[in-house]
There are 2 protein chains.
Amino acid sequence: MKTETENRIREFKQKCTEAGLRLTHQRMVIYRELIKDKNHPSAEDVYDKVSEHIPTISADTVYRTINTFEQYGLIQRVHVQDDRSRFDPKLKKHHHLICKRCKSIVDFDWQTFDQLTLPKNVQSWGAINSKHVEFRGLCKKCIK
Amino acid sequence: MKTETENRIREFKQKCTEAGLRLTHQRMVIYRELIKDKNHPSAEDVYDKVSEHIPTISADTVYRTINTFEQYGLIQRVHVQDDRSRFDPKLKKHHHLICKRCKSIVDFDWQTFDQLTLPKNVQSWGAINSKHVEFRGLCKKCIK
DNA sequence: ATACATGCAAAGTTTTTGCAACTCG
DNA sequence: CGAGTTGCAAAAACTTTGCATGTAT
């Protein structure tokens, strides 16, 4: 668990070096908060958390850094909410359960789906990079 | 085809009446443009189109009307892009092919998927209302 | 007639950008 | 040292809101 985090940090550092991205203090802290937060944080969430460690950081640095991470494939943008982007540091293939009410996002794996043959008209559409399932509804807590 | 549109308009009028929504000229034109546009238009797209018919309409009316339609289940919001919402007047179950480059959204049906048994951990999450597949990649045009 | 809708203008939110100062490699 | 980063402030982009006027039922 502790090791899990360490591994991700190591991998992060390596990828940054490979990509020619500088390992600044801000980037390290931002990445650490991204992997710590299990609910696919928004940029503002990350800003709030990072501010606790670096009170002088500016929001635009967080936005810019997150965009850079996305661009270099270090995190992914989650398209679930209308008013703000959420981010996902998990790079392994997975799918999402989204609660309409509390906006929580839960990951799940689904190999049966991953192995399905695609419909013909889909195959001729173009080149598909990501196959993603989204279930929306109400999580148990929100049902009450 | 012509009949298809007529049917949707009729159904729209009926739903509005049932819901107690007034059938204003603006709403009629906005709905008509929503079902005419096959590429899941943004609010701005709709505003531009509607402006051709009602030059004095204001953008906020379009936003407000679209929100009302969504609220009453006359259209659905599509969560695909980060910077703006897109809207889908098709209410029947379907899935989306999304081009990263040109942002086009193509509908497809996939009954094999629709009939799949859900993973156990998903079943215990809560109450699911919508099961949606998103394939992202590059459409043929954008591959060139 | 009257409750609901619209238009206008202004404001709210989220995100981006220009530029000088700073810092990692 | 020097190019890539950051912080600041301002702005851009998208969407919402208050209020007076207009209109569908």
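Which side chain meets E134(A) in a salt bridge? Select R136(A): its side chain pairs with that of E134(A) at 2.9 Å, N to O. (A salt bridge here is a side-chain nitrogen of Lys or Arg within 4 Å of a carboxyl oxygen of Asp or Glu.) Both R136(A) and E134(A) are buried, where buried means under 20% relative accessible area, exposed over 50% and partly exposed in between, using a 1.4 Å probe and protein chains only.

Before moving on, some housekeeping. This is a predicted model, in which local features need pLDDT of at least 70 and side-chain atom pairs count only at pLDDT 80 or more, while totals for chains, interfaces and linings use all residues. Residues are numbered from 1 along each chain as its sequence is written, chains are lettered from A and ligands numbered from 1 in the order in which they are written, and side-chain values use heavy atoms, with hydrogens and water left out.

**Stop 1: more salt bridges**

The structure holds 14 salt bridges over all chains. Pick D107(A) and K90(A), whose side chains meet at 3.9 Å, N to O. D107(A) sits in strand β4 (residues 105–108) of chain A and K90(A) in the loop between β2 (86–88) and β3 (95–99), so the pair ties together parts 17 residues apart in sequence. Helices (H or I, at least four residues) and strands (E, at least two) are DSSP runs, numbered from the N terminus. D107(A) is partly exposed at 26% relative accessibility, and K90(A) is partly exposed at 25%.

Now jump to chain B and select K36(B) with E33(B), a salt bridge at 3.3 Å, N to O. Both lie in helix α2 (residues 25–36) of chain B, 3 residues apart, about one turn of the helix. Is each one buried or exposed? K36(B) is exposed at 52%, whereas E33(B) is buried at 5%.

**Stop 2: the core**

Next, show W110, F113 and F135 in chains A and B: of the 26 residues in the largest nonpolar core, these touch the most other members. (A nonpolar core is a set of buried Ala, Val, Leu, Ile, Met, Phe, Trp, Tyr and Cys residues joined through side-chain atoms within 4.5 Å.) β3 and β5 (126–139) of chain A, together with β3 (95–99) and β5 (126–139) of chain B, each supply at least two residues of this core. Centre on F113(A): leaving out residues up to four places away in sequence, its contacts (heavy atoms within 4.5 Å) include V133(A), W110(B) and F113(B).

**Stop 3: DNA strand C**

Select what lies around strand C: of 22 residues, Y63(A), R84(A), R22(B), T24(B) and Q26(B) come nearest. Near means one heavy atom of the residue within 4 Å. Sugar and phosphate account for 63% of the strand C atoms within 4 Å of the protein. A phosphate oxygen of strand C is 2.7 Å from a side-chain N or O atom of Y63(A), and another view worth loading is N67(A), with a polar side-chain atom 2.9 Å from a phosphate oxygen. For a base, go to R64(B), where a side-chain N or O atom is 3.1 Å from a base oxygen.

**Stop 4: DNA strand D**

Around strand D there are 23 residues, with R22(A), T24(A), R27(A), Y63(B) and R84(B) coming nearest. Which side chains should you check against its bases? R22(A) has an N or O atom 2.7 Å from a base nitrogen, and D60(A) has one 2.9 Å from a base nitrogen.

Technical notes:
Polar contact = N/O pair within 3.5 Å; in protein donor to acceptor, adjacent residues only side chain to side chain.
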